[in-house]
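Please read the following report alongside the sequence and the 3D view. It is written for a reader who wants to locate each feature by residue.

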Amino acid sequence: MTSLERLEAASLEQPDTARPVVLAWYGCDLRTGQIIEDLPSLKPTGALTKQLGKHTSATFELGLGGAPNGWEEATDEGRTLIVGVDTVTDQPVWAGMVLTREGGSGPTVSLGTATPEAYLDRRFTGDQTLIQQDQATVITALMVSPLTQGPPFVMDAPPTGVLMDYTVQDIDDRTVLSALTEITGMDGGPEWTVDVAWADAAHTGFVLPVRVRPAIGTQAAEPEAVFDFPGSISAYTLAESYEQGKGATVVQARGEGEGAGRLTSAAQIATALEAAGWPRYVYRYTPASGITNPDQLTAHAGKSLGVMQTGATVWAIDAVASRAPRLGRDWGIGDTVRVAIDHSPRHPRGADIVARAWAWELDPGADRIKPTLVQED
């Protein structure tokens, strides 16, 4: 029996709520997603992370003493994808493209990886003129390039019901990632993320669904996933801020350039807040390179105002992974979860709130899960 099999067998003897997070690692072909080798001696050197609409990175060590014969083919930089699967839920929870590999006289090889969103910064939009098209149609059109000779992306982009105009030229050298970031940043813009899933019932490989929605995840008023303190939460911090860039009652977005020819959005003003007595705080910024349409700048400013007018309220949760709601089964990126505080120095009378998971950090070896939760109301 392998060490992984022993861990799985031990976990089956424990109640579901107390099973440790043990990930089985696979080295896969980056073009097809097909599994090349199991990698039982592969271990992350730190926490695994994921953010909504962004890419993250992670480093790994592969113990050569326990590596299979095909480990080199399964970890070839630029050509492979490593995927971690929760052995309790059989749910793929993290994937990363291998970008660097270093090793020599030592017993291990180190791997540098980035989540598949990073690939979208290596492909370009080409010429696109999309007039009064659904937001999902626009993003699907922008994904034509990476869907060709790229990783095993599959589009999961049902109509959002919102039409938009979007024009970009190949000469602008806009990457697909920058274009998607721009569209997401507009008022009413959709959200997107790249997931990892089994490709078939036989579990021979993986696909990378590109999910596009008005809002990623499930936003329930009374979510079933509950992080409690005392309980699964070992520590938490509630950060509230109205600092520059985090709070404003007036927002303007500006294009690139200087002087009178510089494009500027219409000022977006939180009139209700100011009428209620809030001081005026003004925030001006340049949202993305290459924007030449004032309406797009105004859309960016409107979305920023919606986020910033009451400031940022972020819960940083440090929880015991084996006691907390299970990542990938009970909750995921974009979902709302409940935070139930019985009492603490910050909340002596307790607190019970619902917030969205905008990012997470998982350290299986330390039995830690750290969701970053944004309280949006």
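The report below covers salt bridges, a charged surface patch and a few single residues.

The model is a predicted one, in which local features need pLDDT of at least 70 and side-chain atom pairs count only at pLDDT 80 or more, while totals for chains, interfaces and linings use all residues. Residues are numbered from 1 along each chain as its sequence is written, and side-chain values use heavy atoms, with hydrogens and water left out.

**Salt bridges**

A search of the whole structure finds 14 salt bridges, a salt bridge being a side-chain nitrogen of Lys or Arg within 4 Å of a carboxyl oxygen of Asp or Glu. The table gives three of these pairs, with the distance between the closest N and O atoms.

| Salt bridge | Closest N and O atoms |
|---|---|
| Asp76 and Arg101 | 3.9 Å |
| Glu77 and Arg101 | 3.8 Å |
| Arg338 and Asp352 | 2.8 Å |

Helices (H or I, at least four residues) and strands (E, at least two) are DSSP runs, numbered from the N terminus. In the pair of Asp76 and Arg101, distant parts of the chain are linked, since Asp76 sits in the loop between helix 2 (71-74) and strand 6 (80-86) and Arg101 in strand 7 (residues 91-103), 25 residues apart. Glu77 lies in the loop between helix 2 and strand 6, and its pairing with Arg101 in strand 7 likewise links distant parts of the chain, here 24 residues apart. Arg338 belongs to strand 21 (residues 336-341) and Asp352 to strand 22 (residues 351-363), so this pair ties together parts that are 14 residues apart in sequence. Through salt bridges that share partners, Asp76, Glu77 and Arg101 are joined into one network.

How buried or exposed are Arg101, Glu77, Arg338 and Asp352? Buried means under 20% relative accessible area and exposed over 50%, with partly exposed in between (1.4 Å probe, protein chains only). Arg101 is partly exposed because its relative accessible area is 27%, and Glu77 counts as partly exposed at 38%. Arg338, at 30%, and Asp352, at 48%, are also partly exposed.

**A negative surface patch**

Asp127, Asp170, Asp172 and Asp173 form a negative surface patch. Patches are made of residues with over 30% relative accessible area and no salt bridge, like charges being joined within 9 Å and nonpolar side chains (Val, Leu, Ile, Met, Phe, Trp, Tyr) within 5 Å. Asp173 is located in the loop between strand 11 (163-168) and helix 5 (176-184), and this residue is exposed because its relative accessible area is 55%.

**Single residues**

Thr160 is placed in the loop between strand 10 (153-156) and strand 11, and it counts as buried because its relative accessibility is 14%. The side chain of Thr160 makes a polar contact with the side chain of Gln135 at 3.0 Å, where a polar contact is a pair of N or O atoms within 3.5 Å; within protein, one must be able to donate a hydrogen and the other to accept it, and residues adjacent in sequence count only if both atoms are side-chain atoms.

Asp156 is found in strand 10, and with 28% relative accessibility Asp156 counts as partly exposed. The C-alpha atoms of Asp156 and His55 are separated by 18 Å, the two residues being 101 residues apart along the chain.

Leu238 lies in strand 16 (residues 233-241) and counts as buried, at 15% relative accessibility. Between the C-alpha atoms of Leu238 and Leu23, which are 215 residues apart along the chain, the separation is 30 Å.

Definitions and conventions
Accessible areas come from the Shrake-Rupley method with a 1.4 Å probe; for residues, only the protein chains shown count as cover. Lys and Arg count as positive and Asp and Glu as negative; His and the chain ends are not counted. The place of a charge is taken as NZ of Lys, CZ of Arg, CG of Asp or CD of Glu.
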